[in-house]
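User: I'd like to understand the reasoning behind some labels in this structure. Could you take me through it?

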Amino acid sequence: MKSKVLLSILFSFSMTLLNQVNAGTISFKEKDGSITTLANVDIVSIKDGYIVIEKDKKRRSFALGSISSFSPSDTSSAGGSIPGEFSDYTIGALDVKAPTKGTDKDGKSSSFEISYSVTRTNSAINRIKTPYVYLYVLLPPSNDSVEREILSFSYPSKAKPKGKGYDEAAIIEVVNKFDRPIRDETEYDRDRRSNLKSFGDETVKFDLKGVKSRRILAYHVEIWGNDSIVAKKDWEDDFSTNIRAKDKWWQKY
């Protein structure tokens, strides 16, 4: 009897949504009782107990039963993170292979390689949000400048924050976006033998074309997990003066 009542409520709710405008604000009730609210959401379809919504040019589907409210108005104060359960994770075996200059002996652009392992802290939850990797490289002055230059790199491309320089608020904004890639261990297990690596091993490479032939004075690496930094690594040239990671030079553009 309860299931029939629930289905009736969900059907009525879905019809209400369809009769309203497609864009608005949707709130989801999480398993821990908290609420995740998404603004500027477009309703794509409702079928077989699921709703498909679009935000940040990304479509995702959710069970109708997870929705606590819908409003045709856009609430600018609402967040944009992805509803649902995601395990926190740790980063281990962080290894950096950094060249000394931006070019090799043949004059070709060098590559900066970062490898690490990913371990979920909650084995009962299969999904994580894809790690976002940020690299900051300190260089000597270029030909037309008297100041040292800092170049930044992001992986994947969606991880690139707005603006120039180190801006933690801008990083948090992209970390929490609705279109952030998701990794599911069950999918990795199923496809591992075809075209996907082990869930726990990752390697990221950055082409240092913009560095040219200049020497690398220092670097700073940050890896962001679901909503915060989960690993970082620093290095500075021992022969360069006034460069120390504790001074957070990458934040002082």
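Analyst: Gladly! Let's start with a term: a polar contact is a pair of N or O atoms within 3.5 Å; within protein, one must be able to donate a hydrogen and the other to accept it, and residues adjacent in sequence count only if both atoms are side-chain atoms. This is a predicted model, where local features need pLDDT of at least 70, side-chain atom pairs count only at pLDDT 80 or more, and totals for chains, interfaces and linings use all residues. Residues are numbered from 1 along each chain as its sequence is written, and side-chain values use heavy atoms, with hydrogens and water left out.

User: What makes the pair glutamate 202 and arginine 183 a polar contact?

Analyst: Their side chains come to 2.7 Å, and the limit is 3.5 Å.

User: Why is glutamate 202 called buried or exposed?

Analyst: Buried means under 20% relative accessible area, exposed over 50%, and partly exposed in between (1.4 Å probe, protein chains only). Glutamate 202 has 14%, so it counts as buried.

User: And what makes glutamate 173 and lysine 162 a salt bridge?

Analyst: The rule asks for a side-chain nitrogen of Lys or Arg within 4 Å of a carboxyl oxygen of Asp or Glu. Here the closest N and O atoms are 4.0 Å apart, and the pair counts as a salt bridge. Glutamate 173 is partly exposed because its relative accessibility is 44%, while lysine 162, at 63%, is exposed.

User: How many salt bridges does this rule give?

Analyst: The count is seven, including glutamate 54 with arginine 59 at 2.8 Å, N to O.
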